[in-house]
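Biologist: I'm new to this one and would rather understand one part well than skim the whole thing. Please pick a piece, take a close look at it, and then follow its links outward.

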Amino acid sequence: MHDSSFSVRAAKIRRDNARFIAAGTAGSITYTLASLLMHPVETVRARIQADAHNFITLRAMCRTMNSKEGLMSYWRGASVTGVCASAGHFVYFFTYDKLKTTLNQKHNLSIERASFIASISAMWCQTFLANPLDLVKTRMQLGVRYANFIQGLKKIARSEGASPFLATYRAKLVFDAIQVGSTWSLYESLRSSIRRWCLKPDGQIDHKRYVMGSAATFFIASIVTTVIAIPFSTLMTRVQLEGIPFFVALRSLLRNEGASSLRKGWSARVILTLFLSLIHISEPTRLLSISYAVFCLKKK
């Protein structure tokens, strides 16, 4: 009897782990492809936010980059983006799904609270892994030339020590808590209402409505929290460029450029958010096996 119950628990753990691995793989593949596709927009955003002398528009920055550096300047740091997105977002989606399920089902937390805690924890795990590479990527986007990210890590460590890495860690943890936690909490709260809208008269869920509703709610949640987080995005870019603490960068920005400088790069940031938020419909669509990664895993 004891062996039988142990086998049942072991089988359940294996099924759950397979589902979480599928979630991590699906999120990693889709986020990597989307991040590479949107890398030029991300590069333009970083250039706009790093410019301490001008308040330049998205179109004007594109014209400047085209005329002075050519089209390849948009793809600087793309290889690092691929490494960051694939490894970092496997960790993110795996941790988010596993922790949210555990907190909701085993510890009886509401879905909003479970999502808030899980999203911040998952992003912090991702940040711990990917932040050094993200620092190198941003420097490359801003024109610093490294042969590869390993050389970039070595050069920054030799010339500046550990301070740039520590400064960006602290700033990123604050940024993650504000943007990611509020996005997922608002998303899960809105989606609870969407579930009621998706119920058929027989009590079954209309999956087409559910997918559309989930996508729409994440768009709304992403835009609201992006507007809140845009100032932190500008500060993050300055911290990564100069390797200075978050509050030092904030004081310098306000003193030298004024509060309006915190809005730099807002249009590029909104474009990125709108596009990348499409990835997060993979959670409801996993039920329909629309995610290619999940489909492949189920076939094996």
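**A helix and its partners**

Modeller: Let's start with helix α2, which covers residues 39-50. From the first C-alpha to the last, its 12 residues reach 16 Å, close to the 16 Å expected at 1.5 Å a residue (that is, 1.5 Å times one less than the number of residues). Helices here are DSSP runs of H or I, at least four residues long, numbered from the N terminus.

Some ground rules: this is a predicted model, so local features need pLDDT of at least 70 and side-chain atom pairs pLDDT 80 or more, while totals for chains, interfaces and linings use all residues. Numbering runs from 1 along each chain as its sequence is written, and side-chain values use heavy atoms, with hydrogens and water left out.

How enclosed is α2? Largely so, because 11 of its 12 residues are buried (under 20% relative accessible area; exposed is over 50%, partly exposed in between, with a 1.4 Å probe and protein chains only). If you want to find these residues in the picture, the buried set runs H39, P40, E42, T43, V44, R45, A46, R47, I48, Q49 and A50.

Pick out E42 from that set. E42 makes a salt bridge with K137, and their closest N and O atoms are 3.9 Å apart (the rule asks for a side-chain nitrogen of Lys or Arg within 4 Å of a carboxyl oxygen of Asp or Glu). This pair ties together distant parts of the chain, with E42 in α2 and K137 in helix α5 (residues 111-141), 95 residues away. Both ends are tucked in: E42 counts as buried at 15% relative accessibility, and K137 is buried as well, with a relative accessible area of 9%.

By this rule the count comes to eight salt bridges. Another one takes us from α5 to a further helix: E160 pairs with R139, the closest N and O atoms being 2.9 Å apart. Here too distant parts of the chain are linked, since R139 sits in α5 and E160 in helix α6, 21 residues apart. The two ends are covered to differing degrees, as R139 is buried at 5%, whereas E160 counts as partly exposed at 31%. Back at α2, the E42 bridge isn't on its own: salt bridges with shared partners join E42, R45, D134 and K137 into one network.

Now for α6 itself, which spans residues 149-160. With 12 residues at 1.5 Å each, α6 should span 16 Å, and its end C-alpha atoms are indeed 16 Å apart, so the two agree. Right after α6 comes G161, whose phi is positive, near 75 degrees. Within α6 you'll also find K155, which counts as partly exposed because its relative accessibility is 36%. Trace from K155 to V136 and you cross 19 residues of chain, yet their C-alpha atoms are separated by 9.8 Å.

For contrast, try one more salt bridge: E69 with R76, where the closest N and O atoms lie 2.9 Å apart. E69 is partly exposed, with a relative accessible area of 34%, while R76 counts as buried at 16%.

One last charged side chain to look up is R238, in helix α8 (residues 207-242). Is R238 buried or exposed? Its relative accessibility is 5%, so R238 counts as buried.

Conventions:
Helix = DSSP H or I, 4+ residues; strand = E, 2+ residues; numbered from the N terminus.
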